[in-house]
Amino acid sequence: MAFFQILTIVTLFILVTSSSACENSTISTNFSQTKINSSPSTSTQSFKNYIKTSCNSTTYPSICYSSLSPYAAKIEADPTKLCSVSLSLAYKAAKSASSSISKILKKNNMTGIAEQVVQDCFGNVKDSIGELKDSLDSLGHMDGADREFQISNIKTWVSASITNDQTCSDGFDEMNVDSTLTEKIRKLVLDVARKTSNALYFINNNLY
């Protein structure tokens, strides 16, 4: 009889242990599922949708989205961050254009009018870099009573940057410069102008 009592106790112990193990397994599975459901991919897609919607109203929506979407996690759905990243990309494009034009001036044996036109364009792009940098600096310090004044300055500088890009392009129209060289430089400057134009749109519509 004692043997059967011991056997019964052991059996009950095994059943209770198995039940606890199953419960723990369920908890672990649910926890793993919770981690999967909280994946940041959903948020990133939401931020990309915000960027796409915002870009649809700009002058160059496809360029806007393709350049900004990689920064979705940084921009989130924040209008000020959208302005900041847009300006940063325009600034980066201007620096890249300046570097490329500088190399063209050094490598190409230009003389006379052609050299002068490219030099003038180089100067325009350098001015654009300065204006975009001033805009970024002001955007990073927009607080206090002079916020409205800072926003006004940013709009002025970004507009002036676009004007400088246009002045560069116009210089090639007025003078007889090699078409291959003209198209190469224009492509660089046009990229700056388009990104800057999109940034200005966001500044005009998101900063108050």
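**Close-up views of a predicted eight-helix model**

**Figure 1. Lining of the largest cavity.** By class, four nonpolar, three polar and one charged residues make up the lining of the largest cavity. The model shown here and in the following views is predicted. The structure holds one cavity of 30 Å³ or more, and the volume of the largest cavity is about 50 Å³. The residues that line this cavity are C64, S67, L68, S86, L89, K195, N198 and A199. Two or more of these lining residues are given by each of the elements α3, α5 and α8. Among the lining residues, L68 also appears in Figure 4 as a member of the largest nonpolar core, and N198 appears in Figure 3 as a contact of Y60.

**Figure 2. The largest pocket and its lining residues.** The volume of the largest pocket is about 180 Å³. Its lining consists of Y60, I162, D165, Q166, S169, R186, V189, L190, A193, R194 and S197. The elements α7 and α8 each give two or more residues to this lining. Helix α8 gives the most, with six residues. Sorted by class, the lining of the pocket comprises five nonpolar, three polar and three charged residues.

**Figure 3. Surroundings of Y60 in the loop between α2 and α3**. Y60 is one of the residues that line the largest pocket. With a relative accessible area of 28%, Y60 is classed as partly exposed, because this value falls between the limits of 20% for buried and 50% for exposed residues. Leaving aside neighbours within four places in sequence, Y60 is in contact with R194, S197 and N198. Of these partners, R194 and S197 are likewise found in the pocket lining, whereas N198 is among the residues lining the largest cavity. Y60 and N198 are 138 residues apart along the chain, yet their C-alpha atoms are separated by 6.7 Å.

**Figure 4. The largest nonpolar core.** This core has 46 residues, of which L68, L87, I101, V118, C121, F172 and I185 touch the most other members. Two or more core residues come from each of α2 (41-55), α3 (61-68), α4 (72-75), α5 (79-107), α6 (112-139), α7 (147-174) and α8 (179-206). Helix α5 provides the largest share of the core, 13 residues. In soluble globular proteins, nonpolar side chains tend to be buried together. In the protein chain as a whole, 34% of the 208 residues count as buried.

**Figure 5. Contacts of C121 within the core.** C121 is among the core residues that touch the most other members. When neighbours within four places in sequence are left aside, the contacts of C121 are I101, C168, F172, I185 and V189. Among these partners, I101, F172 and I185 are also listed with the residues that touch the most other core members. V189, another contact of C121, is found in the lining of the largest pocket as well.

**Figure 6. S54 in helix α2**. The relative accessibility of S54 is 16%, and S54 therefore counts as buried, since the limit is 20%. The side chain of S54 reaches the backbone oxygen of Y50 at 2.8 Å. Apart from neighbours within four places in sequence, S54 is in contact with L82, Y201 and F202.

**Figure 7. S161 in helix α7 and its polar contact**. S161 is buried, with a relative accessible area of 0%. Its side chain and that of S128 are joined by a polar contact of 2.4 Å. Not counting residues up to four places away in sequence, S161 touches S128, E131, L132 and T196.

**Figure 8. E76 in the loop between α4 and α5**. The phi angle of E76 is near 60°, a positive value in a residue other than glycine. E76 is partly exposed, with a relative accessible area of 33%.

**Figure 9. Overall context of the close-up views.** The secondary structure of the protein chain comes to eight helices and zero strands. From the N terminus on, the elements follow the order α-α-α-α-α-α-α-α. Among contacts between residues at least 6 apart in sequence, 72% join residues at least 24 apart.

How values were computed
Residues numbered from 1 in each chain as written. Predicted model: local features only at pLDDT ≥ 70, side-chain atom pairs only at ≥ 80, totals over all residues. Heavy atoms only, no water. Core = buried A, V, L, I, M, F, W, Y, C linked by side-chain atoms within 4.5 Å. Buried < 20%, exposed > 50% of the residue type's maximum accessible area, 1.4 Å probe, protein only. Helix = DSSP H or I, 4+ residues; strand = E, 2+ residues; numbered from the N terminus. Contact = heavy atoms within 4.5 Å. Polar contact = N/O pair within 3.5 Å; in protein donor to acceptor, adjacent residues only side chain to side chain. 1 Å grid on protein atoms, 1.4 Å probe; cavity = no way out; pocket = protein on both sides within 12 Å on 5 of 7 lines; lining within 4 Å. Points joined across faces, edges and corners; volume = space filled by probe spheres on them. Nonpolar A, V, L, I, M, F, W, Y, C, P; charged D, E, K, R; others polar.
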